[in-house]
Amino acid sequence: ISLGIGFDWRNYRSTKGLLYVPDGGSIRVSHFPAGTDYRFSRLKVFSVQFPLLFSVGFDSPLAGVKPSLSVGPVFCWNSHGSVKSSWREEDGTVSTFTSNSIGQRKFTIDLYAKASLGVVGLYLRYSPYKTLTGATAPAPDFRPRAAGLAHQLWPNKKKSWHGLWCVPCVI
């Protein structure tokens, strides 16, 4: 069993010309103003996370290294969220608005699994909780999923502290 601490920065960007609009402490989806050329609209959520992982190593070495499997919850404190949108008006001026009141869910629990060979592994992560609470219709419904490569920063030969570096690929 291992308990850790980490940081996560999620950036949700609209690619279909839709605008994230703050609406009384939550977010709704709208269209950019008529006659404008949209540039971007994005939501950002920063989290402090605490993974609680249960790991098992297998005795039979595979390719000279021992395989292992880790699973468990990742407790997330979503400490900050913001929205920023920008568009070009008909006269060429750029309009931008930002808000730090997006109504992100303050605490969430993600599910995490990792299969490793030595210091290299593959991981899956799923967030069953919605990122936003109290959003008004039509509202974005984010439940992120990720898969990627994980690399242990230094070997853990004597049950000492070790780091984990993950390269996510959103699925």
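Author: A residue is called buried here when its relative accessible area is under 20%. Keep in mind that this is a predicted model.

Reader: Thanks, that helps. Why is Y112 called buried?

Author: Y112 has a relative accessibility of 9%, and the cut-off for buried is under 20%, so Y112 counts as buried. Y123 passes as well: its relative accessible area is 6%, so the word is buried again. Over the whole protein, buried residues make up 36% of the 171 residues.

Reader: What makes the pair of Y112 and Y123 stacked?

Author: Two values decide that. The ring centres lie 5.6 Å apart, and a pair needs centres within 6.5 Å. The angle between the planes is 20°, and stacked asks for under 30 degrees. Both conditions hold, so Y112 and Y123 form a stacked aromatic pair. Y112 belongs to strand β8 and Y123 to strand β9 (residues 120-126), so the contact ties together parts 11 residues apart in sequence.

Reader: And why is the pair of W9 and F46 called edge-to-face?

Author: Here the centres are 5.9 Å apart and the planes stand at 75°. The centres fall within 6.5 Å and the angle is over 60 degrees, so the pair is edge-to-face. W9 sits in strand β2 and F46 in strand β5, 37 residues apart, and the pair links distant parts of the chain.

Reader: How do you know whether W9 and F46 are buried or exposed?

Author: Exposed means over 50%, and W9 has 54% relative accessibility, so W9 is exposed. F46 has a relative accessible area of 23%; that value lies between the 20% and 50% limits, so F46 is partly exposed.

Reader: How many aromatic pairs does the rule give in total?

Author: The count is six aromatic pairs. Ring pairs also join F32, Y38, W87 and F97 into a cluster.

Reader: What makes β3 and β4 a pair of strands?

Author: Pairing needs at least two bridges, and strand β3 (residues 18-22) and strand β4 (residues 27-31) share five, so they pair, in the antiparallel sense. One of the contacts matches P22 with I27, its bridge partner in β4. The hairpin of β3 and β4 has four residues between the strands, and there G24 adopts a positive phi near 60°.

Reader: How many helices and strands does the protein have?

Author: There are zero helices and 11 strands. Among contacts between residues at least 6 apart in sequence, 60% join residues at least 24 apart.

Reader: Which residues of the largest cavity's lining are closest to its centre?

Author: The structure holds one cavity of 30 Å³ or more, and the largest cavity has a volume of about 100 Å³. Of its 14 lining residues, the closest to the centre are R10, S47, N78, T108 and T131. Elements giving two or more residues to this lining are β2 (6-13), β5 (37-57), β6 (67-88) and β8 (107-117), and β2 gives the most, with three residues. By class, the lining has five nonpolar, five polar and four charged residues.

Reader: One last point: why is G92 called partly exposed?

Author: G92 has a relative accessible area of 37%, which lies between 20% and 50%, so partly exposed is the right term. G92 is found in the loop between β6 and β7 (94-99). The C-alpha atoms of G92 and D37 are separated by 9.2 Å, while the two residues are 55 apart along the chain.

Notes:
Residues numbered from 1 in each chain as written. Predicted model: local features only at pLDDT ≥ 70, side-chain atom pairs only at ≥ 80, totals over all residues. Heavy atoms only, no water. 1 Å grid on protein atoms, 1.4 Å probe; cavity = no way out; pocket = protein on both sides within 12 Å on 5 of 7 lines; lining within 4 Å. Points joined across faces, edges and corners; volume = space filled by probe spheres on them. Nonpolar A, V, L, I, M, F, W, Y, C, P; charged D, E, K, R; others polar. Buried < 20%, exposed > 50% of the residue type's maximum accessible area, 1.4 Å probe, protein only. Contact = heavy atoms within 4.5 Å.
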